[in-house]
Amino acid sequence: MSVFLHFILPFTPDTKKTIDLIKLRLSEGYTEEDFYKVIDKMTNCWLSNGDLDKYLRPITLFGDNFDSYLNEDWERQETDWQSQYY
C-alpha cells in the first residue's frame, strides 16, 4: 500500500502488526485517503515536539485512536504540550 511511502520517518512497514492494523481500519470502512490525512495531521502536530514525535509510527497512528486522529481538531500549538497529553 502506498500509505507506507507517505511516512517521512523510518520504520519497518511490513510487520504483521502494521499490516493487521491497516487491514482492520480498511475493514471498518476507512479509505487510503484517510490514512494520508492522519499521517499528515499528526505529523504536523507532533513532528516538531521532541516528546511526541516518537509516536509518529504506524502502531500509534493506525491503532485504536485512528478515528480520533482523523476526525478531531488537532492543531500544532506552541503551548505546554505535556499538560495536554500527560
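Here is a short back-and-forth about the predicted model shown above.

Me: How many helices and how many strands does the protein chain have?
Reply: Let's read along the sequence: the pattern goes α-α-α-α-α. That fits the secondary structure count for the protein chain, which is five helices and zero strands.

Me: Which helix has the lowest confidence, and which the highest?
Reply: For the whole protein chain, the mean pLDDT is 79, and 72% of the residues reach 70 or more. Where pLDDT is low, the predicted coordinates should not be read in detail. So go easy on the lowest one, helix H5 (residues 81–85), with a mean of 54; the highest, at 94, is H4.

Me: Which helix gives the most to the largest nonpolar core?
Reply: That core has 17 residues, and those with the most contacts inside it are Val38, Met42, Trp46, Leu61, Phe62, Phe66 and Tyr69. At least two residues of this core come from each of helix H1 (16–27), helix H2 (32–46) and helix H4 (66–71). The top giver, with six residues, is H2.

Me: Why might nonpolar side chains end up together, and what share of the residues in the protein chain is buried?
Reply: In soluble globular proteins, nonpolar side chains tend to be buried together. Here the protein chain has 86 residues, and the buried share of them is 36%.

Me: What part of the area that the protein chain exposes do carbon and sulfur atoms supply?
Reply: Start with the total: the protein chain exposes about 5,400 Å². Of that area, the part supplied by carbon and sulfur atoms is 49%.

Me: What percentage of the contacts with a separation of 6 or more is between residues 24 or more positions apart?
Reply: Here we look at contacts in the protein chain with a separation of 6 or more, and pick out those between residues 24 or more positions apart. Their share comes to 68%.

Me: Where do Lys16 and Asp20 lie, and what distance goes with their salt bridge?
Reply: Both Lys16 and Asp20 lie in helix H1, and they are four residues apart, about one turn of the helix. Lys16 counts as exposed because its relative accessibility is 61%, and Asp20 counts as partly exposed because its value is 33%. Their side chains meet in a salt bridge, with an N to O distance of 2.8 Å.

Me: Is Arg25 buried or exposed?
Reply: The side chain of Arg25 meets that of Glu28 in a salt bridge (2.9 Å, N to O), and the count of salt bridges comes to two. Glu28 is partly exposed, because its relative accessibility is 44%. Arg25 has a relative accessibility of 5%, so Arg25 counts as buried.

Me: Which side chain of opposite charge is nearest to Asp34?
Reply: Asp34 lies in helix H2. Leaving out residues up to four places away in sequence, Asp34 touches Phe66 and Leu70. A salt bridge needs a nitrogen to oxygen distance within 4 Å. Asp34 is buried yet has no salt bridge, and at 4.4 Å away the nearest side chain of opposite charge is Lys37.

Me: How far apart in space are Asp53 and Met42?
Reply: You'll find Asp53 in the loop between H2 and helix H3 (58–61). Asp53 counts as partly exposed because its relative accessible area is 28%. Asp53 and Met42 are eleven residues apart in sequence, and in space, C-alpha to C-alpha, they are apart by 9.1 Å.

Me: What separates the C-alpha atoms of Thr15 and Pro58?
Reply: Thr15 lies in the segment before H1. With a relative accessible area of 30%, Thr15 is partly exposed. Thr15 and Pro58 are 43 residues apart along the chain, and their C-alpha atoms are separated by 10.0 Å.

Definitions and conventions. Residues are numbered from 1 along each chain as its sequence is written. This is a predicted model: local features need pLDDT of at least 70, side-chain atom pairs count only at pLDDT 80 or more; totals for chains, interfaces and linings use all residues. Side-chain values use heavy atoms; hydrogens and water are left out. A nonpolar core is a set of buried Ala, Val, Leu, Ile, Met, Phe, Trp, Tyr and Cys residues joined through side-chain atoms within 4.5 Å. Buried means under 20% relative accessible area, exposed over 50%, partly exposed in between (1.4 Å probe, protein chains only). Contact means heavy atoms within 4.5 Å. Accessible areas come from the Shrake-Rupley method with a 1.4 Å probe; for residues, only the protein chains shown count as cover. pLDDT is the predictor's confidence in each residue, from 0 to 100. Lys and Arg count as positive and Asp and Glu as negative; His and the chain ends are not counted.
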